[in-house]
Amino acid sequence: MNNNPFHFDCKTSWCPGCGNFGIIEALKETLQELGLKPHETVAVSGIGQAAKLPHYINSNGFNGLHGRALPVALGIKIANKDLTVFVNSGDGDSYGEGGNHLIHNIRRNIDITHFVHNNQIYGLTKGQGSPTTALNQVTTLQFDGVKSYPFNPLAFAISQDCSFVARTFSGDKTHMKAMMKAAIENKGYSLLDILQPCVTFNKVNTFKWYKDRVYYIDENYDPYSKEEAFKKALEWDEGIPIGILYRSKKPTFIDQFHHLKDGEPLTKRNWSPQDAKAFMNEFY
Ligand SMILES: Cc1ncc(C[n+]2csc(CCOP(=O)(O)OP(=O)(O)O)c2C)c(N)n1
């Protein structure tokens with residue numbers, strides 16, 4: 001008997017040993033420990049193995065098109081600012097097909113949390129190189145190795161003054177929960193990159209590979225220093241820092257529009273045509 005209100009008794013189509021199991025358990029426990037109720041939360045995703053998560057958790061959910069989780073999450077949050085909205089999607093969905101939305105979500109700073117299940121491969125479509133696959137790594141499609149240079153999501157987010165930038169590892173539940181809690185509590189767009197092995201299609205970045213490299217960021221580290229954060233984000237091969245790399249203080253998207261910020265969530269208002277016009281005028 002599982003007493004977590006976010007627990008949904010169902011079968012998954014994830015492979016035995018997949019990092020997604022640890023991630024969903026950590027997420028359910030974090031949401032419960034934050035005192036949230038399922039009806040107050042929305043899990044949003046795109047397409048992929050990670051993106052199946054909204055099907056397996058007892059919250060509201062929206063499974064969008066590939067790469068389109070962020071604009072859906074943004075729309076939901078604007079429509080009902082009282083909801084806790086989080087995105088769970090893969091590195092392909094988030095940094096490849098959804099890369100353009102990543103840029104503009106960082107700019108807008110909407111108050112949502114983005115959990116990227118980063119297994120450094122396209123899992124659902126059977127092992128092609130993703131934006132975070134290492135250079136020259138042989139995959140099921142790139143027989144001669146990947147010839148595109150890998151994307152560094154954290155360095156990119158830091159360079160754009162993202163509100164919250166952190167990394168964790170799916171083999172460390174305590175750390176994952178601490179990062180998830182901090183990310184959800186942050187007011188603004190929070191990017192949490194979760195290193196996660198794909199046991200079937202990525203034979204390089206295994207549990208052991210990550211375990212041998214990850215190290216905790218020192219507790220005296222100052223996440224408000226952009227220079228330090230950038231240096232941390234560039235570390236990889238000899239040691240992979242996990243923890244909060246960067247925070248920046250800036251207003252959220254909703255806080256900058258009094259029509260959105262003040263009063264009831266949009267979904268609870270009685271709209272007259274004049275109200276709707278005034279509302280739209282603020283945006284254009
Ligand atoms: C526009 C579009 N392009 C490509 C696809 C095919 N496709 C579906 S899922 C996927 C890869 C998913 O990989 P990732 O986001 O890393 O998640 P994972 O399955 O590894 O969890 C691709 C390429 C699609 N459905 N739509």
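**Figure 1. Helices at the lining of the largest cavity in the predicted model.** In this predicted model, helix H2 (69-79) and helix H3 each contribute at least two residues to the lining of the largest cavity. The lining is made up of Gly 67, Ala 69, Leu 70, Ser 89, Asp 93, Ser 94, Gly 98, His 101 and His 114. Sorted by class, these residues comprise 2 nonpolar, 6 polar and 1 charged. The space inside the largest cavity amounts to about 40 Å³. Searching the whole structure gives 1 cavity of 30 Å³ or more.

**Figure 2. The shell of residues around the ligand.** The ligand is surrounded by 16 residues, of which Gln 49, Gly 92, Asp 93, Gly 123 and Leu 124 come nearest. Helix H3 (residues 91-97) supplies the largest share of this shell, with 4 residues. By class, the shell holds 5 nonpolar, 8 polar and 3 charged residues. Asp 93, listed among the nearest residues to the ligand, is also one of the residues that line the largest cavity.

**Figure 3. Contacts to oxygen atoms of the ligand.** Two of the contacts shown involve the protein backbone. In Gln 49, a backbone N or O atom lies 2.8 Å from an oxygen atom of the ligand. In Ala 50, a backbone N or O atom lies 2.9 Å from an oxygen atom of the ligand. Asn 119 takes part through its side chain, with a polar atom 3.0 Å from an oxygen atom of the ligand. On its own, the ligand has 590 Å² of accessible area, and the protein covers 73% of this.

**Figure 4. The largest pocket and its lining.** The largest pocket encloses about 320 Å³ of space. It is lined by 18 residues, and those closest to its centre are Gln 120, Thr 132, Pro 150, Phe 151 and Trp 236. The lining of the largest pocket divides into 9 nonpolar, 5 polar and 4 charged residues.

**Figure 5. The annotated segment, residues 50-194.** An unreviewed UniProt entry places the feature "domain: Thiamine pyrophosphate enzyme TPP-binding" at residues 50-194. Across residues 50-194, helix accounts for 33% of the chain and strand for 19%. The C-alpha atoms at the two ends of this segment are 11 Å apart. Ala 50, where the annotated feature begins, has a backbone N or O atom 2.9 Å from an oxygen atom of the ligand.

Note on methods:
Residues numbered from 1 in each chain as written. Predicted model: local features only at pLDDT ≥ 70, side-chain atom pairs only at ≥ 80, totals over all residues. Heavy atoms only, no water. UniProt positions renumbered as here; feature names shortened; annotations may be inferred. 1 Å grid on protein atoms, 1.4 Å probe; cavity = no way out; pocket = protein on both sides within 12 Å on 5 of 7 lines; lining within 4 Å. Points joined across faces, edges and corners; volume = space filled by probe spheres on them. Nonpolar A, V, L, I, M, F, W, Y, C, P; charged D, E, K, R; others polar. Near = heavy atom within 4 Å. Polar contact = N/O pair within 3.5 Å; in protein donor to acceptor, adjacent residues only side chain to side chain. Areas by Shrake-Rupley, 256 points an atom, 1.4 Å probe, with all protein chains shown as cover.
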